[in-house]
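Biologist: Could you take a close look at one chain of this model for me, and walk me through its helices and its sheet?

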Amino acid sequence: MYTEKVMEHFRNPRNVGEVENPDGVGEVGNPTCGDMMRITIKVKDDKIDDIKFKTLGCGAAIATSSMVTELAQGMSLGDAEKISRQDIADALDGLPPQKMHCSVLAADGLREAITDYRSKHPAEEG
Amino acid sequence: MEKSIYMDYAATTPMRREVLDAMMPYLTDEFGNPSSLYTLGRRNRGVIEEARERIAAFLGADPREIIFTSGGTEADNFAVKGTVYANEKKGNHIITTPIEHHAVLAPCHYLEKRGFDVTYLPVDEYGLVEAADVAKAITDKTVLVSVMHANNEIGTIEPIGEISKVTRDKKVLFHTDAVQTFGHIPTKVDVLGVDLLSISAHKLYGPKGVGALYVRKGTKMVPIMHGGGQEHNRRGGTHNVAGIVGFAKAVELAEEEMDAEAKRLIELRDYLIAGIVERVEDVRVNGHPEKRLPNNVSVCLNGAEGEAILLSLDMENISCSSGSACTSGTLDPSHVLLAIGVPPEVAHSSLRLTFGGTTTKAEIDYVLEVLPPIITKLRAMSPLDASWGKKC
């Protein structure tokens with residue numbers, strides 16, 4: 001069902017944990033549907049300086065969280081915001097159709113963290 | 001462990017060698033259609049009747065009360081639709097439980113859409129139905145009660161004997177899905193007191209694609225498989241001779257081994273449950289502690305998600321199943337767990353291990369060794385802690 005890349009990220013997820021004193025926090029999902037993600041970021045010079053995730057969810061949920069942190073690390077906020085579910089799925093060599101919603105969650109989680117950061121630092125927008 | 005550890009016997013079982021050997025002639029030279037007049041056909045006619053006799057005897061039934069089907073699902077569909085359609089003049093009310101297998105629930109939902117009335121009995125936290133609730137639910141429009149003998153997800157064994165006292169008293173047909181119990185615990189139809197009973201070969205080391213419905217003499221039914229008049233016009237279709245022979249062989253093995261095997265499995269089951277509870281924090285055991293299938297272990301491991309647990313166990317060559325939404329075809333967690341009051345977020349963490357003939361204590365010990373670190377790792381990855389919902 002899952003590609004080798006997905007299984008790799010599941011077996012050895014990257015960037016698990018919480019950034020200390022995060023500049024932005026994104027929380028998505030809810031316990032009822034089974035998938036929950038928290039993404040924490042540290043921002044420096046409008047770039048993602050550090051990013052970590054915590055996820056409760058299936059293999060795809062963990063793999064997509066791990067992948068989104070790998071993709072976003074070091075990116076400008078503007079670029080990171082644009083990471084789409086398809087980017088994440090492609091980076092994982094594809095996801096089964098019924099698991100695509102997990103990649104939506106990961107993309108949304110990152111965007112939420114960036115939005116959270118921007119709401120606290122309006123002067124740095126644009 | 002290099003060797004593969006199979007712990008999903010509730011889903012299906014490996015075919016025994018003796019079963020395969022018994023089937024081989026009917027997959028090769030003895031290919032005759034039992035409905036044919038010539039010797040090759042008539043020989044197989046004799047063969048399936050012998051099989052029927054063995055299965056009937058194991059149930060304590062008459063051979064004429066056994067109708068072969070393509071499996072448990074067809075038997076359940078036949079039991080529900082066949083009785084309901086035959087008794088439309090009497091009424092349109094069906095009573096069942098919310099924890100039935102989909103092979104009973106789906107026909108009930110279908111009939112609901114067609115104007116039939118279905119009552120879903122309350123179940124307690126163990127999934128047990130009370131005979132008194134069945135009595136309360138029966139009306140003069142009730143044509144069928146269907147309560148499974150034991151639940152495949154949580155293992156709970158229902159008080160079928162008590163319920164049948166009620167249904168006999170009120171003269172309402174009573175069906176039980178015995179797919180998980182037949183061959184594993186006693187299933188004598190007169191002890192259970194049922195009018196209809198479904199069974200399936202591949203749950204007791206027989207082949208897939210064959211099952212049967214026991215129908216007590218005198219029960220009005222209409223066929224759902226209209227065809228060439230087989231099974232005395234009750235179920236059309238050329239007999240799956242090899243499958244039926246395999247089924248009977250599996251039953252023969254169960255006759256000899258069932259009691260001792262149940263004892264052996266109960267010990268392993270209780271050992272595994274105790275081991276998990278001891279080594280992992282925050283575990284919920286699902287189903288009744290004693291009125292439980294000998295081979296069923298069902299737990300919720302709060303804070304870790306079911307599919308992730310399964311994948312991790314699969315990496316250790318352990319095969320089992322979960323009631324989490326991610327493992328179902330839909331996005332809903334197990335309907336059985338929800339029905340017994342498990343909150344959805346906990347249902348997502350469920351794990352079911354069911355064993356059988358090949359299961360050893362060494363395998364159970366291995367599961368007990370690898371499961372706790374898996375749960376620890378997944379829980380550590382989870383955002384669920386006191387700070388969820390409180391942004392910094």
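**A close look at chain B**

Modeller: Happy to! Let's begin with helix H9 (residues 241–279) of chain B: a straight helix of 39 residues would span 57 Å at 1.5 Å a residue, yet the end C-alpha atoms of H9(B) are only 48 Å apart. H9(B) has a bend of about 60° at B:Glu257. Please keep in mind that this is a predicted model.

Helix H3 (residues 72–86) of chain B makes a good companion to look at. With 15 residues at 1.5 Å each, H3(B) should span 21 Å, and its end C-alpha atoms are indeed 21 Å apart, so expectation and model agree. Twelve of the 15 residues of H3(B) are buried, which means that this helix is largely enclosed by the rest of the structure. Among the buried residues are B:Phe78, B:Val80 and B:Val84, along with charged side chains such as B:Glu74 and B:Asp76.

Now to the sheet. Seven strands of chain B form an open sheet with mixed pairing, in the order E2-E8-E7-E6-E5-E3-E4. Strand E2 (66–69) and strand E4 (117–120) of chain B are at the edges; each has a single partner strand, so one side of each has no neighbour in the sheet. From one strand to the next, the twist averages 20°. At the E2 edge, E2(B) pairs with strand E8 (residues 211–215) of chain B in the antiparallel sense, over four bridges. There, B:Phe68 is opposite B:Ala212 of E8(B).

Helix H4 (residues 102–113) of chain B lies across four of these strands, namely strand E3 (93–96), E4, strand E5 (142–146) and strand E6 (173–177), and runs at about 155° to E3(B). The twelve residues of H4(B) should span 16 Å at 1.5 Å a residue, and the 16 Å between its end C-alpha atoms agrees with that. Buried in H4(B) are B:Ala103, B:Val104, B:Leu105, B:Pro107 and B:Cys108. Their cover includes E3, E4, E5 and E6 of chain B, and also H3(B), the helix that is itself largely enclosed. Just after H4(B) comes B:Gly115, with a positive phi of about 100°.

Finally, the partner chain: 20 residues of chain B are in contact with 22 residues of chain A. On the chain B side, helix H10 (306–315) and helix H12 (344–347) are the elements that give two or more residues. H10(B) supplies the largest share, four residues. By class, this side of chain B has twelve nonpolar, four polar and four charged residues.

Conventions
Residues numbered from 1 in each chain as written. Chains lettered and ligands numbered in written order. Predicted model: local features only at pLDDT ≥ 70, side-chain atom pairs only at ≥ 80, totals over all residues. Contact = placed C-beta atoms within 7 Å. Expected span 1.5 Å × (residues − 1). Buried ≥ 20, exposed ≤ 12 C-beta atoms within 10 Å, placed from the backbone. Bend = angle between axes of the 7 residues up to and from the residue. Pairing = 2+ DSSP bridges. Axes fitted to C-alpha atoms, helices over the stretch in contact; angles between N-to-C directions.
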